[in-house]
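Biologist: I would like to learn how to read a sheet and a cavity. Can we take one case together?

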Amino acid sequence: MADHPNIEVFKRALNAFAAGDMDALARVVHPDVVWHMSGHNPLSGTYRGRDATFALFQREFQLTGGTYRPQLQDVLANDEHTVALLHATASREGKELDMDYVIVFQIRDGQITEARGLWSDQKAYDEFWS
């Protein structure tokens, strides 16, 4: 059985993100994307639009001195949802992030239109960014 096409969209997005290739990432992120960051930390909130979302990504890299690294564990997709199981590592101000998380995506016509991240230990995640 062939993979659902939304899996390929997600993989292109992850590869572009990891490489810092914003042009490639822009091809798979809708201009009106809505990106939800859970928790109670300086990055928490809802980001509306590609520019605001990409500014969030830039801030993650800046705050971690470029050490933020997502690693794909698995991805599942159907026509309604794409779910990526990931692990992230990063360092900042003497703190270490080493944690599993999930991002639930809505992908329409080959572009990510909405995303919601959920962390395995939200309190520790908040403390890392605070």
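**Reading the sheet and the cavity**

Modeller: Start with one strand pair: β5 and β6 run antiparallel and share 8 bridges. Keep in mind that this is a predicted model.

Biologist: What do strands of a sheet pair through?

Modeller: They pair through backbone hydrogen bonds, in a parallel or antiparallel way. Here is a single example: Phe 105 has Ala 115, in β6, as its bridge partner.

Biologist: What is the order of the strands in the open sheet?

Modeller: Read it as β2-β1-β6-β5-β4-β3. That makes 6 strands, and the pairing is mixed. At the edges sit β2 (45-48) and β3 (69-77), each paired on one side only. On average, neighbouring strands are turned by 20° against each other, direction ignored.

Biologist: Which strands does α1 touch as it packs on the sheet?

Modeller: α1 touches β3, β4 (82-92), β5 and β6. Its direction makes about 175° with that of β3. Now take α3, which also packs on the sheet. α3 touches β1, β2, β3, β4 and β6, and its direction makes about 55° with that of β1.

Biologist: Now the cavity. How many residues line the largest cavity, and which lie nearest its centre?

Modeller: The lining has 21 residues, with Phe 17, Trp 35, Phe 57, Tyr 101 and Ile 103 nearest the centre. Two or more lining residues come from each of α1 (5-19), β1 (29-37), α3 (50-63), β5 (95-108) and β6 (111-119). The largest share, 4 residues, is from α1.

Biologist: How much space lies in the largest cavity?

Modeller: About 280 Å³. By class, its lining has 19 nonpolar, 1 polar and 1 charged residues.

Notes:
Residues numbered from 1 in each chain as written. Predicted model: local features only at pLDDT ≥ 70, side-chain atom pairs only at ≥ 80, totals over all residues. Heavy atoms only, no water. 1 Å grid on protein atoms, 1.4 Å probe; cavity = no way out; pocket = protein on both sides within 12 Å on 5 of 7 lines; lining within 4 Å. Points joined across faces, edges and corners; volume = space filled by probe spheres on them. Nonpolar A, V, L, I, M, F, W, Y, C, P; charged D, E, K, R; others polar. Pairing = 2+ DSSP bridges. Axes fitted to C-alpha atoms, helices over the stretch in contact; angles between N-to-C directions. Contact = heavy atoms within 4.5 Å.
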